[in-house]
Amino acid sequence: MNSTDVTITVVDENNEPLPGVNVVVKNTSTGGTTDTSGNVTIDVADGAVLVVSYIGYTTEEITVGTRTAITVSLSPDSKQLQELVIVGSRNAPRSSTDTPLPVDMISSNDLLSTGQPTFDKALQYRVPSFNTVQTPVNDATSLLDPYEIRNMGPSRTLILINGKRKNLSALLYTQTSPGRGETGADISAIPTDAIKRVEILRDGASAQYGSDAIAGVMNIILKDDADDGSVTLRTGITSAGDGEMVGLSLNNGSSLMDGKGFVNYTVDLSKVNLANRPGTVDAAGEAADFGANIADVEAFLAMMPDAGNINGSPETTAAKFLVNGGLDLNANTSVYANAAYVYKKVNSYANYRTPYWRTEADFPYLADFFPNGPNGEYVGYVPTFDGDLNDYNGTIGFKSKKNGWNSDVSFTTGGNTQTYKVTNSHNRNTVYSPSVWVDANADGIVDVGEMTQGSQLYRENSQVSFDPGGTRFSHSVGNIDISKAVNSKLGIAFGSEFRTETFEVIEGELSSYDGGGADSFAGNAPENSGKFNRYNFGGYLDIAFDASDKLFIGGAARLENYSDFGNAFVYKLSSRYKIVEDKMTLRASYSTGFRAPTLHQIYTQKAQYSFIPGQGIQVGGLVNNVSREANLLGIDKLDAEKSTNISVGLGSKVNKNIDFTIDYYNISVTDRIILSNEIVPPAGPAFQGLSDISFFVNALDTRTSGIDVVANFKKQVGKGKLGVNVSGNYTIQNEREGNVKNPDFVEQSGQSVVDATQEALFFTSRPKTKWILGINYDINKFNFSLNNTYFGKTTFQQQGMDASIRTEFTPKVVTDLSINYAASEKVNITLNVNNLLNVLPEWNFVANNAAGETNLKDAAWVKNQSNLITFNQRYSQMTYDGYHFSQLGMMLNLAVNVRF
């Protein structure tokens, strides 16, 4: 068959050239992409058909014939521009302006243009209602930063991948930081280059999806391109010269069986070095806290002004693999599958143990263990914390269409394992080798009296590296989803889900927990370890009814049964009405929801050891709700949280250049699960030796309300295209309703499971308002993007701080600049300058009352309070509890993308 070179010129509706348009010979992989003049030349066989496609425009098929030059005009495709929204309903997808629910749509390009190294950090600068930031104290939390939508914690946002539930992380946040007492899926593990788009439903959806969908649902749609591929090299560094980043990512696709199927895969390898932001430590505060000689403290700080502390962004190495595929088996049936595996290693540090904190007088052997000084003398040590994370998920399913019925049957599995290692540390207490059991009288029975104590090991013989264990979570999910368009106005959907979950606390080695355990991070003792399981079964019904061309009404209901706490019934009603010649949409919804307590919250039990002079080793810690101690205290077993979600919104596509949405939400949660304060237990033999306990409890009723705004404007300006978008979230109310629900023994002892520190973490530790102003300009081979993110006020009430004051972080604007240059048809170079003006978090004390106003006039008193919440200025920039945006300052990133 003869072939010839054919030049194709592609223009838009204004006869302007369209660069980046895909032109391929139908049913082959032969093709190319138009250059900046809208031209591409392809070797085409006689009689071939060309397929011309571009995001946001209709796809055209052109028969070449004998022509050697062809001009193709593409028209805007309104449906494609709006993108079909999958999340939010089990019925047929609708466009984002046609849905009765508020949905954010974020494209892959939107995420990549942020220059952020991970998916979760990219969302931070693209979605106003989404917040995440690294915690000041790393430890296990360094493996996964807590995130949340609408300031409601990570547990109340459901994560889906291609519409299927993603597994939770194994990590339970127990530190005094945002997200305390909760867990969530590890979205940072998902390679950004594998994502086609992200749909974020800002509305309750428990009736459709089950537990966790209280604040919203995030549906991550994977790339399904069978033709294109690219490799991207990314590098970066902070303006301070640390936090160096290098990454290499490959995304590629291939068609299967003559175009009947596809496979798209991504490999992402990266390394980010430590970025350290310690403060200058206050000598007087150190001397007072540790009872040390001020001269000794000053001498040490003269050598190490930051007291050797390391805090900021830990060293992280990651390898991410993801594949997505589908195949049409026949005209009515297709099979689909996706799978991902992520390995992540994080190296972080505990607080530096100064020589006046861990003294040679108390621990003479430390000079031999840690000869770190310039002349080999003992000057303290810094324990390291290494975390290994393995995360996987996979789905396989079949879709079919028969007699107007659509069915989707799928199986999903996933898991997350986190194991830890503590090095450069020691066990500070006397420990014993394992007890030995012997059959002393040779009667074939080992009696209690025949146990012999193992030999005593002294702390001088302590190892310096420890295996403290870890945690593991996995789930398996089966789904059956069936839908049918009964007629042009009515659609019905129904289905069921079976899910089994397993949570495991992995036991640490003996020396990591015995006698106090490893200094800085004690391991999991056998009595606190184990494997725990539950299952649940649920079913739903979803009805969508277009009462007229203008009015839509939807409803859904779900019944769920859990093996550990029983039943949950929830429902949802939603509606949309078009006005002003269908240019404006009014929408509203009312729903009930629930969140099941996680297995982490039910079964986690941790012992914490502290030395009290005159009393020896005292044990406190986290007591789980199914333990003997909890039963003796009358602590109820955890029940599901219940929620009510109301939303009312307005959306409008004013013309082809302007659109906007405004949505009000009001979410009430009853029996919210929290991790309590440290409570002094009652006297009695059952609690002998326990200094304090904490536990999970359904303690709060809360209400969260606010407003979301999204507006977009685009216009041809000169020879380029200008785009402006404004989006924002404003929290009207986020607070406790009614009294704290204390267990009887806590109430009777005059204590409370929630204090001002906890309430601040729950309700005010994320920005009260957050806005993003983005300006984008495309001209010739360049794209310029300037994004400004306004982080509003956040408030903390750190533990131990005087009640007359609070800590407020000052509102700030962070500016990001991105410049993209199309060096050729195949090569793109992007420079990102994140935090262009090097804006850093700042905080101040604010008076709560008249006493606070008086106290703030006393400089010495203020210094004392400042030392208290920053560990004597080690965490001077962000305090010990948290902050509202990254403390790393300006970051420069360069990416080179080469398309195949």
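These are legends for several close-up views of a predicted model.

Residue numbers count from 1 along each chain as its sequence is written, and side-chain values rest on heavy atoms, with hydrogens and water left out. Because the model is predicted, local features need pLDDT of at least 70 and side-chain atom pairs count only at pLDDT 80 or more, while totals for chains, interfaces and linings use all residues.

**View A. Helices α5 and α6 pack against each other.** Here α5 covers residues 283-290 and α6 covers residues 294-303; helices (H or I, at least four residues) and strands (E, at least two) are DSSP runs, numbered from the N terminus. The two pack at an angle of about 130°, and their axes are 9 Å apart. Axes are lines fitted to C-alpha atoms, for helices over the stretch in contact, with angles running from 0 to 180 degrees between N-to-C directions. That angle makes α5 oblique to α6 (under 35 degrees is roughly parallel, over 145 roughly antiparallel, 65 to 115 roughly perpendicular, and the rest oblique). The crossing of α5 past α6 is right-handed, meaning that the near helix is turned clockwise from the far one by less than a right angle. On the α5 side, look for Ala283, Ala284, Glu286 and Ala287; they meet Ile294, Val297, Glu298 and Leu301 of α6 (contact means heavy atoms within 4.5 Å). Sorted by class, this contact has six nonpolar, no polar and two charged residues. In that sorting, Ala, Val, Leu, Ile, Met, Phe, Trp, Tyr, Cys and Pro are nonpolar, Asp, Glu, Lys and Arg are charged, and the others, Gly among them, are polar.

**View B. Strands β23, β24 and β25 pair in the antiparallel sense.** Strands pair if DSSP finds at least two bridges between them. β23 (residues 333-349) joins β24 (residues 384-402) over 17 bridges, and one spot to check is valine 346, whose bridge partner in β24 is glycine 387. β24 goes on to pair with β25 (residues 405-423) over 19 bridges, with phenylalanine 398 standing opposite valine 409. β24 and β25 make a hairpin with two residues between them, and asparagine 403 in that turn has a positive phi of about 55°.

**View C. Phenylalanine 385 and tyrosine 420 form an aromatic pair.** The whole structure holds 29 aromatic pairs (rings of Phe, Tyr and Trp, taking its six-membered ring, with centres within 6.5 Å; planes under 30 degrees apart are stacked, over 60 edge-to-face, and the rest tilted). In this one, the ring centres lie 5.1 Å apart and the planes sit at 40°, so the pair is tilted. Phenylalanine 385 belongs to β24 and tyrosine 420 to β25, so the pair ties together parts that are 35 residues apart in sequence. Tyrosine 420 also has a bridge partner in β30, glycine 469.

**View D. β30 has antiparallel partners in β25 and β31.** With β25, β30 (residues 466-485) shares 17 bridges. With β31 (residues 490-506), β30 shares 16, and threonine 471 stands opposite valine 505 there. Four residues separate β30 and β31 in their hairpin.

**View E. Three strands make an open antiparallel sheet.** The order is β45-β46-β49. β45 (794-796) and β49 (843-847) stand at the edges with a single partner strand each, so one side of each has no neighbour in the sheet. On average, neighbouring strands here are turned by 35° against each other, direction ignored. Three bridges link β45 to β46 (residues 805-809), one partnership being threonine 795 with glutamate 808. Helix α14 (residues 859-870) lies across β46 and β49, at about 125° to β49.

**View F. Five strands form an open sheet with mixed pairing.** Read across, the order is β10-β15-β16-β13-β14. The edges are β10 (103-107) and β14 (164-165), each pairing on one side only. Inside the sheet, β15 (residues 195-201) and β16 (residues 216-222) pair antiparallel over six bridges, where arginine 197 has isoleucine 221 as its bridge partner.
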